[in-house]
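Reader: I have the fold open on my screen and want to know what backs up the labels. Can we go through them?

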Amino acid sequence: MPATDPIEHNVYESAEARFELAARKLGLEEGIYRFLKYPSKEITLYIPVARDNGNLEVFIGYRVLHSVVRGPGKGGIRFAPDVSLDEVRALAAWMTWKCAVVNIPFGGAKGGVVCDPAKLSKDELERITRRYTAELADWFGPERDIPAPDIGTNDQTMAWVMDTYAMHVRRATTAVVTGKPLDLGGSQGRKEATGRGVMMCCDRATAKLKMKRKGCRVIVQGFGNVGSQGALLMHAAGYKIIGVADIHGGLYNEKSFDIPKLVDWVYTQRKPLPAFPAGGEKMSAQEILFRPCDILVPAATENQITSQNAQRVDCRILCEGANGPVTSHADPIIDKKGIFIVPDILANAGGVTVSYFEWVQDRQGFFWRENEVNERLQDVMDQSFDQVVAAAERHGVNNRIAAYIVAIERVARAVKLRGIYA
Ligand code: NAD
């Protein structure tokens with residue numbers, strides 16, 4: 001097999017493989033299987049944007065609506081140079097399953113623009129975002145499809161989406177998008193929500209495996225929204241963060257890192273993560289995944305753990321902060337090693353759960369205290385974790401397939417209740 005097998009590295013194939021396995025295990029009816037396998041809509045956009053130097057460039061953008069069976073589409077917008085339709089398709093399907101796993105009333109969607117935010121000015125990014133949103137103004141809406149941030153986009157991007165949409169529909173519509181700044185109808189706790197959800201899953205998993213949380217050794221790959229917030233919260237809760245990495249490289253220190261200082265180093269001082277003083281042993285961003293630890297949290301990007309390297313993973317719990325960090329070809333190897341997996345569609349669902357809370361608050365025009373947000377998130381994560389683990393035991397499958405089973409059962413029930421129109 002070549003170093004990067006295009007089939008193994010196609011996230012759509014990975015998502016499909018798990019869906020098929022779970023659907024077969026469930027004995028899903030053939031018609032419903034076909035209905036849920038395909039997205040409901042795929043839109044490709046060619047976005048003309050004037051660069052700062054006056055040149056006109058055309059960027060390719062996508063929006064895929066996988067399912068609106070349980071509610072409006074929900075899913076982030078990704079700005080990255082390697083965005084592809086297959087990737088957006090997979091991420092949209094994962095959103096359907098993720099929203100169903102945590103039982104929130106959304107379907108699944110995802111969007112992306114092929115661009116490199118690191119090489120674009122703020123003004124250029126604003127123009128791309130506004131044109132992308134304007135092209136999709138008929139498809140977006142609080143009861144249609146609600147975007148959120150993902151890799152390469154943030155709360156500022158969401159503010160531009162909201163403003164552009166509001167200008168088109170001629171009314172302030174904060175609920176069209178989540179992950180907004182607090183001043184524009186964002187929710188308390190949203191910035192930390194995905195990382196907090198990851199920690200809540202780790203708390204539940206360590207309790208299930210009768211492991212002591214205090215001093216539990218954790219490695220986090222990815223130091224963006226999910227990784228840095230997750231690491232900060234876990235550090236504060238007594239976990240020992242012994243490995244960190246971002247796109248520039250990894251650092252390993254058995255004695256553990258002072259995460260608030262590292263966050264300050266990376267985000268306030270804007271210094272490269274691998275240059276963190278007293279940072280320990282330097283290594284590649286991928287090598288960090290293979291150091292011994294109790295909990296491994298891949299929170300960067302897809303296809304990090306593959307059939308080529310899964311054998312080297314040395315942890316007790318693998319909690320997927322990122323979407324699709326483990327390929328479907330690596331699943332059996334991870335299983336065989338007896339690693340307790342908390343799959344992406346559960347582990348990183350804290351983000352979409354608090355996005356749901358944000359949407360509810362925007363529609364109510366009434367905002368909750370941070371404690372209220374976090375308590376409600378805890379209820380959702382604990383309940384979902386327990387349901388997935390119970391399904392794994394009931395069906396004799398790993399937690400990943402169990403999460404798909406829980407999700408597919410919920411979506412299939414909604415399909416049956418609604419029926420097929422016309
Ligand atoms: P981000 O852009 O804020 O951060 C990504 C981080 O990963 C950065 O530190 C970057 O340097 C690092 N990175 C990128 N490629 C890497 C590589 N090859 N090796 C090591 N590090 C690498 O993105 P984010 O919002 O934190 O999202 C990370 C993952 O979590 C993505 O898979 C995303 O889809 C998923 N996710 C995010 C949210 C959310 O609320 N932000 C919710 C659910 C899932």
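Author: Sure, and keep in mind that this is a predicted model. Strand E2 (residues 56-67) and strand E4 (residues 108-114) pair in the antiparallel sense.

Reader: What makes E2 and E4 a pair?

Author: Two strands pair if there are at least two bridges between them. E2 and E4 have 6 bridges, so they qualify as a pair. In E4, Ala109 stands opposite Leu65.

Reader: Why are strand E1 and strand E5 said to stand at the edges?

Author: The open sheet has 5 strands, ordered E1-E2-E4-E3-E5, with mixed pairing. Strand E1 (41-50) and strand E5 (145-149) each have a single partner strand, so one side of each lacks a neighbour in the sheet. Neighbouring strands here are turned by 25 degrees against each other on average, direction ignored.

Reader: Which strands does helix H5 touch?

Author: Helix H5 (residues 155-169) packs on the sheet and touches strand E3 (73-80) and E5. The direction of H5 makes about 150 degrees with that of E5.

Reader: On to the ligand. What makes the approach of Thr194 to the ligand a polar contact?

Author: The cut-off is 3.5 Å between N or O atoms. A polar side-chain atom of Thr194 lies 2.7 Å from a ligand oxygen atom, so the pair counts. For Arg78 the distance to an oxygen atom of the ligand is 3.0 Å, and for Arg190 it is 3.3 Å, so those pairs count by that cut-off too. The protein covers 82% of the 830 Å² of accessible area that the ligand has on its own.

Methods
Residues numbered from 1 in each chain as written. Predicted model: local features only at pLDDT ≥ 70, side-chain atom pairs only at ≥ 80, totals over all residues. Heavy atoms only, no water. Polar contact = N/O pair within 3.5 Å; in protein donor to acceptor, adjacent residues only side chain to side chain. Areas by Shrake-Rupley, 256 points an atom, 1.4 Å probe, with all protein chains shown as cover. Helix = DSSP H or I, 4+ residues; strand = E, 2+ residues; numbered from the N terminus. Axes fitted to C-alpha atoms, helices over the stretch in contact; angles between N-to-C directions. Contact = heavy atoms within 4.5 Å.
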